[in-house]
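Open the model in your viewer and keep the sequence panel beside it. The stops below say what to select and what is there.

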Amino acid sequence: NQRRVRGYLKTQEMRTLILLVILSVVLVFSQRPVLSENFSALVDALIDGRVVQRVQAWVDFDDQKTRFDFARDHVQIHRYNFYKLLKSYDVDERTQNCTVTPLTATLKPTFGWVINATGDKTCYSNIERGAQGDQWSYTSSTDSLYLCVDSTDVNRPFWVERVSAREHDYFQFHAYIPGIPKPEIFVLPPFCSK
């Protein structure tokens with residue numbers, strides 16, 4: 001009888017240990033990232049699966065405006081998008097050229113989909129060699145979205161990727177600073193008029 005009881009207790013200990021291991025894996029991925037939609041970032045961007053370029057980005061989601069600084073044909077461009085005004089401005093300060101185009105897109109949340117995502121695998125930073133992260137994935141009717149966050153700080157993104165039938169965008173974060181950018185970031189130069 002005592003052998004049976006010891007065998008039963010050993011089996012229960014093993015089951016408990018296995019359950020604790022499974023629970024710890026679930027808990028690691030259960031801490032969902034909460035990333036601000038208002039932020040400043042320095043990223044390497046792969047747009048439509050084509051060109052990789054370094055982009056300084058400022059996003060004021062609350063006031064529906066963005067600014068992106070990047071190089072185009074060896075010229076530094078400042079792109080201001082004012083979604084409430086439905087206008088986009090490409091500014092070349094060197095030549096004091098300001099090109100205004102209608103803005104027909106809406107500003108979508110960068111990380112809003114994460115609330116519905118599943119933490120499903122390990123991922124790695126491509127910038128910080130060997131830095132391990134947790135990947136969050138979500139598939140909608142039009143897009144597959146992926147986010148890799150630092151496994152030691154889930155609110156620090158390594159990269160975000162969006163794949164659809166027509167587009168493939170990938171952004172590697174060198175820096176991510178949550179919070180509304182300073183208002184002066186969105187002030188157009190005097191040679192541009194709203």
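Select Asp-73 to begin. Asp-73 is exposed, because its relative accessible area is 67%; exposed means over 50% relative accessible area, buried under 20%, and partly exposed in between, with a 1.4 Å probe and protein chains only. Asp-73 sits in the loop between E3 and strand E4 (75–82). Helices (H or I, at least four residues) and strands (E, at least two) are DSSP runs numbered from the N terminus. Asp-73 is not a glycine, yet its phi is positive, about 50°. This is a predicted model, in which local features need pLDDT of at least 70 and side-chain atom pairs count only at pLDDT 80 or more, while totals for chains, interfaces and linings use all residues. Residues are numbered from 1 along each chain as its sequence is written, and side-chain values use heavy atoms, with hydrogens and water left out.

Go next to Leu-86, in the loop between E4 and strand E5 (87–92). Leu-86, a residue other than glycine, also has a positive phi, near 60°.

Now colour by secondary structure. The chain has one helix and 11 strands, and from the N terminus on the elements run α-β-β-β-β-β-β-β-β-β-β-β. Select the strands: an open sheet of 11 strands has the order E6-E5-E4-E3-E2-E1-E11-E10-E9-E8-E7, with antiparallel pairing. Two strands pair if DSSP finds at least two bridges between them. E6 and E7 stand at the edges, each with a single partner strand, so one side of each has no neighbour in the sheet. On average, neighbouring strands of this sheet are turned by 25° against each other, direction ignored; for such angles, axes are lines fitted to C-alpha atoms, for helices over the stretch in contact, and angles run from 0 to 180 degrees between N-to-C directions. Strands of a sheet pair through backbone hydrogen bonds, either parallel or antiparallel.

Which strands does E11 pair with? Select strand E1 (residues 39–47) and strand E11 (residues 168–178): they run antiparallel and are joined by eight bridges. Within this pair, Leu-42 stands opposite Ala-175 in E11. Then add strand E10 (residues 153–164), which runs antiparallel to E11 and is joined to that strand by five bridges. Here Glu-161 faces Tyr-170 in E11. Follow the backbone from E10 to E11 and you pass through a hairpin of three connecting residues.

Move to Arg-67, in strand E3 (residues 65–72). Strand E2 (residues 51–60) runs antiparallel to E3, with five bridges between them, and Trp-58 has Arg-67 as its bridge partner in E3. Is Arg-67 buried or exposed? Arg-67 is buried, because its relative accessible area is 11%. Show its side chain and find two interactions:

- The side chains of Arg-67 and His-78 make a polar contact of 3.3 Å.
- The side chain of Arg-67 also reaches the backbone oxygen of Ile-185, at 2.9 Å.

A polar contact is a pair of N or O atoms within 3.5 Å; within protein, one must be able to donate a hydrogen and the other to accept it, and residues adjacent in sequence count only if both atoms are side-chain atoms. Beyond its neighbours within four places in sequence, Arg-67 is in contact (heavy atoms within 4.5 Å) with residues including Gln-56, Ala-57, Tyr-80 and Phe-186.

Select the cysteines last. There are two disulfides in the structure, a disulfide being a pair of cysteine sulfur atoms within 2.5 Å.

One joins Cys-98 to Cys-192, with S to S 1.9 Å. This pair links distant parts of the chain, 94 residues apart: Cys-98 is in strand E6 (residues 97–102) and Cys-192 in the segment after E11. The torsion about the S-S bond of Cys-98 and Cys-192 is about 125°, so this disulfide is right-handed. Cys-98 is partly exposed at 21% relative accessible area, whereas Cys-192 is buried at 8%.

Another joins Cys-123 to Cys-148, with S to S 2.0 Å. Cys-123 lies in strand E7 (residues 118–124) and Cys-148 in strand E9 (residues 143–150), so the pair ties together parts 25 residues apart in sequence. With a torsion of about 95° about the S-S bond, the disulfide of Cys-123 and Cys-148 is right-handed. Both Cys-123 and Cys-148 are buried.
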